[in-house]
Amino acid sequence: MGLQPLEFSDCYLDSPWFRERVRAHEAELEKTNKFIKELLKDGKNLIAATKNLSAAQRKFAHSLRDFKFEFIGDAETDDERYIDASLHEFSNFLKNLEEQREILALSVTETLIKPLERFRKEQLGAVKEEKKKFDKETEKNYSLLEKHLNLSAKKKELQLQEADNQVEQNRKHFYELSLEYVCRLQEIQERKKFECVEPVLSFFQGLFTFYHQGYELAKDFNHYKMALQINIQNTRNRFEGTRSEVEELMNKIRRNPQEHKRANHFTMEGYLYVQEKRPAPFGSNWVKHYCMYRKETKKFSMIPFEHRSGGKVGDEELFILTYCTKRNTDTIDRRFCFDLEASDRPGVPVTMQAFSEEDRKLWMEALDGKEAVNVILKILFYSAQLDKIGFTIIKKCISAVETRGINDQGLYRVVGVSSKVQRLLSLLM
C-alpha cells in the first residue's frame, strides 16, 4: 500500500487521520531528500576519486537499487511502474560498467549533480519552509481558538463579536494555508518522479559517450532509454494536464467546503471541547476531542487529540446517546455549549463546547438536541402553589443551607447537575 491521497475537503475537518496522511507524505519527501543527498555525494566521488571509481560506482549502484518511489492511490500505472523499476535497472547497468573499469566522464557535474541539487534545494527546500509555516499556523490557530473559547459570555456583545470575527479570519487563513500545503505536497510527490529520474537518465547517457568499451552496452541500453523517456513524458504530461484541474477543485472546495464534504457513514463529525470535571478546588478542564455520531444507531464516539502535542491519538470512547440539551449562558461561563447523556450513565450529562454558534446548531440538529428548560420554574408553575406550607419548606431549606453549607466554595455560583436537581425538586414537591 502506497501513500494515501490528501483530500482538499479534509483540510476543513483537520482530522487525526488527515494529519497522519500529511505526516506520511512529509516522511516520504524527507526520505527522497536523503536519497538525493546520498546520490549527489556518490556522484561527486565518481568525479573526484578516479582510483576509487570501482568502490564509488558500487555504492552508487547500491543506492539506486534500494530506493523505491512511493505512489499515491491503490494501484500504480504502467508508467509509474516503469519509472519506479528504472532505478533498479540503472543499478544493473552500473554493475556491467564496473566490470570494464572505465573512467567517469567530467560531464557528470552538469547532467546529474546540478539538476538534483537544484531540485533538492529549490523544490524540496521550499516544501520544508511551507511545512514550518503550516506547523506555525496550526499552533496559532488552535491557540487563538482555545483562548477565544475561554472568553466569558458576560463580556460586551461588541467585544465578543469582534473576537468572533478575529477567530473566523484566522481560521480562514489557516484553511487557505492548509489547502495550499496539501496541494504542494501532492505536487512535489508527482514532480519528483521525473525531476529525480531524468538527471539519472542523462548521467547514464553521458557515461556511454565517454566509455569506448561501453559502446555495445549503450546500444543495449538505448531501447530501454527510449521506453523510459516515453514513461517520463507520459507522467509529466499527466502532471501538467491535471494540475489545472486540481487547482480548480481546490478553489471549488475553498468556496464552499461544507457542500463538498467527503461522504462517509457518520451523520456529523468534527472537533468539540469536552468538559472534564476535577475535584474541588480545581474546577474543570476542557479537552479537545474529535467526535463522530451516527444517527441511525445513536452511537457517539470521541477521541482526544491535540495538534500541538505531536498529534498523538488518544483512546476512543463510545456510548449510546439518549438526549442532547442546549446550555444557556446563564448556566455556564462558556458559549456554544450543550449537554449529552449516555444510556449507561443516566443522570450524568457530559458538557461539550462547539467552535461557534453555527457549529453548535449543526451538532444540535444532528443530535436532535432540545432547548434548555428551566426546571425550577417549570415545577413551581405546574406542580405546586407557594402557600403557607410552601413558605415553611423554603424557610427550612434556606436555614439548612446557611447552617450547613454557607462556607462551601461555589455554593451560590456553580450550577448543580440538572438531573439531580430535578429529582430533588420532584421529591420536595
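Visitor: What makes Phe69, Glu70, Phe71, Glu76, Glu80, Ile83, Asp84 and Lys193 the lining of the largest cavity?

Guide: Lining residues have an atom within 4 Å of a cavity point, a cavity being a set of points on a 1 Å grid over the protein atoms alone where a 1.4 Å probe fits but cannot get out. Those eight names therefore meet the 4 Å criterion. This is a predicted model, in which local features need pLDDT of at least 70, side-chain atom pairs count only at pLDDT 80 or more, and totals for chains, interfaces and linings use all residues. Residues are numbered from 1 along each chain as its sequence is written, and side-chain values use heavy atoms, with hydrogens and water left out.

Visitor: How is the lining of the largest cavity divided into nonpolar, polar and charged?

Guide: Three residues are nonpolar, none is polar and five are charged. Asp, Glu, Lys and Arg count as charged, Ala, Val, Leu, Ile, Met, Phe, Trp, Tyr, Cys and Pro as nonpolar, and the others, Gly among them, as polar.

Visitor: Why is Arginine 184 called buried?

Guide: Its relative accessible area is 15%. Buried means under 20%, exposed over 50%, and partly exposed in between (1.4 Å probe, protein chains only), so Arginine 184 is buried.

Visitor: Which residues does Arginine 184 touch?

Guide: Leaving out residues up to four places away in sequence, Arginine 184 touches Glu122, Gln123, Ala126, Val127 and Glu130. Contact means heavy atoms within 4.5 Å.

Visitor: Which residues does Phenylalanine 90 touch?

Guide: With the same sequence neighbours not counted, Phenylalanine 90 touches Leu64, Val197, Val200, Leu201, Phe204, Phe221, Tyr224 and Leu228.

Key: 1 Å grid on protein atoms, 1.4 Å probe; cavity = no way out; pocket = protein on both sides within 12 Å on 5 of 7 lines; lining within 4 Å.
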